[in-house]
Amino acid sequence: MTFEETNHNTHVIHLNNEYEIKKELSNIKADKRAYDILAQKMIFIHIKLENVDTRAANILKQQVRAIGGEAVISKEAYAFTERKTDVLISASKETIKLLTKKIANLDYGLNKISKEIENTLFSNSGIMKIKDTVLDFRRKTYIMGILKFYKLFNPIHKNNEQILSKVESMVKAGVDMIDICEDNKLGLIDSKEDNLNKITQLIPLIRDIKNEFPNIILSIDTSKLDIAKESIEAGIDMVIEAIPLKYNEQMLHLVAKNRCPIVLMHRNSFLKKTPKPLKSISDVIREIQSNMSFALGQGIQKEKIIIEPGIGFGRSNQDNYLILRQLSSFKYLNVPILVELPKRSFLGEALRGRMEKTLISSIAANTMAIINGANIIKVDDVEQAVTMVNIVDAIRNIDEEN
């Protein structure tokens, strides 16, 4: 019997999520009853743990390797010459699920580690309800336009007509949200007169916008308690907070009381003039997790939290690119991700002087952000962003439409 030579078209195929895996299982006519089981075996993830007891780390490493995964600890922990170590685990999702069961009843804190790993296994920001509006982050990327305080209240604006006209143009272009962004938002100390002037101008504007465009989600980007309080009473839907909540507990209690969504922004430069360089994306995740835990402990519901990882704002180009490239790591915090990239200077620098305007760089960076997990993008150039988002969402959702 002769064997017929065949070109098997051997090639690498990138399957980045469960939808893509199941699509290819369908293409090769796998048993549909086995889709869920197979997908868990084919989804490969990396989990990092910090400050693990050296004894637990060595047991963890042995357990992971015994079931087909890999775990790495420091060489000092391997030799038992230090008490704590970070651990990096790499395995399929199914293998990691098995690991949590194997270590659930072991000593040295492994039972707690088991629960922590279980809580990180699923990335699903799901659905958020803001008053009467339901946001489905599984199917759609939402666009937030920007209105800035210092531009809104320029003396040339004798009334709100020009501002409402700008809002109308953004709504017609297709934005889902509009953020009123305060200048000097990190400055908690303003004169009472300045704050009163802002409130006097701002509150009628918020009411006008909500009356004219009741379906638009309106946010206020401020760290001032009185401005946030008056804005919420006037109809604002969401608060964007740039200061870690442990430094602004009154704002936390206001948001918790009103049960409105809050965007927790990571600002490493808040207490430092120069942000500390990032060694790892873990540095940002650690701070965001701390801020989230504090918020949850003080009564804010997890379903009301959105995070913003803090691209820009004094960070080096390298750190900004790192956050953008590894944005998908934040998905496992299981809350929506907002990214603000409106003409950031680091994007313009990437063009190396070949172009004066940075619109194309902003569009490119926002595209990368969405692909890597951003659920909301905050932009200046609304029309171009809407076009980009429609294309990206259409490509990402093709499996669900067919």
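**Figure 1. Contacts across the whole chain of this predicted model.** Take the contacts in the protein with a separation of 6 or more: 69% of them come from residues 24 or more positions apart. The protein has 402 residues, and 47% of them count as buried. On the outside, about 22200 Å² is exposed, with carbon and sulfur atoms supplying 50% of that area. As for secondary structure, look for 17 helices and 13 strands.

**Figure 2. Helix α3, from its cap to the glycine that follows.** Helix α3 covers residues 54–66. How far apart are its end C-alpha atoms? They sit 18 Å apart, and that agrees with expectation because 13 residues at 1.5 Å a residue should span 18 Å. At the N-terminal end, Asp53 does the capping: one of its side-chain oxygens lies 2.8 Å from the backbone nitrogen of Arg55. Past the other end, just after α3, Gly68 takes a positive phi of about 100°.

**Figure 3. What packs over α3.** The buried residues here are Thr54, Ala56, Ala57, Asn58, Leu60, Lys61, Gln63 and Val64. Yes, that list includes a lysine, Lys61. Their cover includes three strands, β1 (44–53), β2 (70–72) and β3 (84–92). Helices join in too: α4 (75–78), α5 and α6 (110–120) are part of the cover.

**Figure 4. Thr100 in helix α5.** Zoom in on α5 (residues 93–103), where you'll find Thr100. Is Thr100 buried or exposed? Thr100 has a relative accessible area of 3%, and the cut-off for buried is under 20%, so Thr100 is buried. A polar atom of the Thr100 side chain lies 2.5 Å from the backbone oxygen of Lys97. Setting aside neighbours within four places in sequence, Thr100 is in contact with Ser114, Ile117 and Glu118.

**Figure 5. Strand β13 and its two pairings.** Strand β13 runs over residues 376–379. One partner is β6 (residues 142–148), which pairs with β13 in the parallel sense over four bridges. Within that pairing, Gly145 has Val379 of β13 as its bridge partner. Another partner is β12 (residues 338–340), also in the parallel sense, over three bridges. There, Val339 is matched with Ile377 of β13.

**Figure 6. Side chains of β13.** Which way do the residues of β13 point? Ile376 and Lys378 go one way, Ile377 and Val379 go the other, and all are buried. In a regular strand, side chains alternate between the two faces of the sheet.

Technical notes: Residues numbered from 1 in each chain as written. Predicted model: local features only at pLDDT ≥ 70, side-chain atom pairs only at ≥ 80, totals over all residues. Heavy atoms only, no water. Buried < 20%, exposed > 50% of the residue type's maximum accessible area, 1.4 Å probe, protein only. Contact = heavy atoms within 4.5 Å. Areas by Shrake-Rupley, 256 points an atom, 1.4 Å probe, with all protein chains shown as cover. Polar contact = N/O pair within 3.5 Å; in protein donor to acceptor, adjacent residues only side chain to side chain. Pairing = 2+ DSSP bridges. Expected span 1.5 Å × (residues − 1).
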